[in-house]
Amino acid sequence: MINKKNINKVILIGHVGNLPDIRYTKEGVLVASFSLATHDIQNEKEHTEWHHIVSWGALGSFVEENIKKGQLLYIEGKLKTKKWETKDGFFRSKTEILASNVIPLETKK
């Protein structure tokens, strides 16, 4: 029997790469975005993967007030890929993690 339920869940632990970028939608909803680096060993070499994290509303406010560059975070969320066409006719895409939970694992001043 085939399972007809779908799961889109991401769990990451990594370090914040930049201060959160804060913006507001036309409706006044706060959106905070930042990069998160995770590290892995592949063929005896360290590999860094960069993830684009986006948080909305109250969670975005929490990110704005509490998250600093270099901080170790636990992130839960789901993947979302945006696709668009540039003015020059090229197609682009970007995969983001829409955060549902952001937990600092260390504090930064």
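These legends accompany an overview and several close-up views of a predicted model of one protein chain.

**Figure 1. The whole chain: one helix and six strands.** The protein chain has one helix and six strands. From the N terminus on, the order is β-β-β-β-α-β-β. Four strands thus come before the helix in that order, and two come after it. The C-alpha atoms fill a box of roughly 45 × 40 × 40 Å, taken along the principal axes. The chain has 109 residues, and 31% of them count as buried. Its accessible surface comes to about 8,100 Å². Carbon and sulfur atoms account for 52% of that surface.

**Figure 2. Contacts and charges across the chain.** Take the contacts between residues at least 6 apart in sequence. Of these, 56% join residues at least 24 apart. The chain also carries 17 positive and 13 negative charges. The mean positions of the two sets are 5 Å apart. Side chains of opposite charge can pair when their charged atoms come close. How many salt bridges does the structure hold? There are two, and the next two views show them in turn.

**Figure 3. The salt bridge between Lys 9 and Glu 76.** Here the side chains of Lys 9 and Glu 76 meet, with 3.5 Å from N to O. Lys 9 lies in the segment before β1 (10–16), while Glu 76 is in strand β5 (residues 72–85), so the bridge ties together parts that are 67 residues apart in sequence. Are the two partners buried or exposed? Lys 9 is exposed, with a relative accessible area of 53%. Glu 76 counts as buried, because its relative accessibility is 17% and the cut-off for buried is under 20%.

**Figure 4. The salt bridge between Glu 96 and Lys 82.** The closest N and O atoms of this pair are 3.6 Å apart. Which parts of the chain does the pair tie together? Glu 96 lies in strand β6 (residues 91–104) and Lys 82 in strand β5, so the bridge links parts that are 14 residues apart in sequence. Glu 96 is buried, at 4% relative accessible area. Lys 82 counts as partly exposed, at 37%. Strand β5 appears in both bridge views: Glu 76 lies in it, and so does Lys 82.

**Figure 5. Thr 38 and its surroundings.** Thr 38 lies in strand β3 (residues 30–42). At 15% relative accessibility, Thr 38 counts as buried. Which side chain does Thr 38 join in a polar contact? The partner is His 51, at 2.8 Å. Now leave aside the neighbours of Thr 38 within four places in sequence. Thr 38 is then in contact with Leu 12, Ile 13 and Gly 14, and also with His 47, Thr 48, Glu 49 and His 51. His 51 therefore appears twice in this view: as a polar partner and in the list of contacts, where contact means heavy atoms within 4.5 Å.

**Figure 6. Asn 66 in the helix.** Asn 66 is found in helix α1 (residues 57–66). Asn 66 counts as partly exposed, at 33% relative accessibility. What does the side chain of Asn 66 reach? It reaches the backbone oxygen of Phe 62, at 2.9 Å. Thr 107 can be found in this view too. Asn 66 and Thr 107 are 41 residues apart in sequence. In space, their C-alpha atoms are 8.5 Å apart.

Note on methods
Residues are numbered from 1 along each chain as its sequence is written. This is a predicted model: local features need pLDDT of at least 70, side-chain atom pairs count only at pLDDT 80 or more; totals for chains, interfaces and linings use all residues. Side-chain values use heavy atoms; hydrogens and water are left out. Buried means under 20% relative accessible area, exposed over 50%, partly exposed in between (1.4 Å probe, protein chains only). Accessible areas come from the Shrake-Rupley method with a 1.4 Å probe; for residues, only the protein chains shown count as cover. Lys and Arg count as positive and Asp and Glu as negative; His and the chain ends are not counted. The place of a charge is taken as NZ of Lys, CZ of Arg, CG of Asp or CD of Glu. A salt bridge is a side-chain nitrogen of Lys or Arg within 4 Å of a carboxyl oxygen of Asp or Glu. A polar contact is a pair of N or O atoms within 3.5 Å; within protein, one must be able to donate a hydrogen and the other to accept it, and residues adjacent in sequence count only if both atoms are side-chain atoms.
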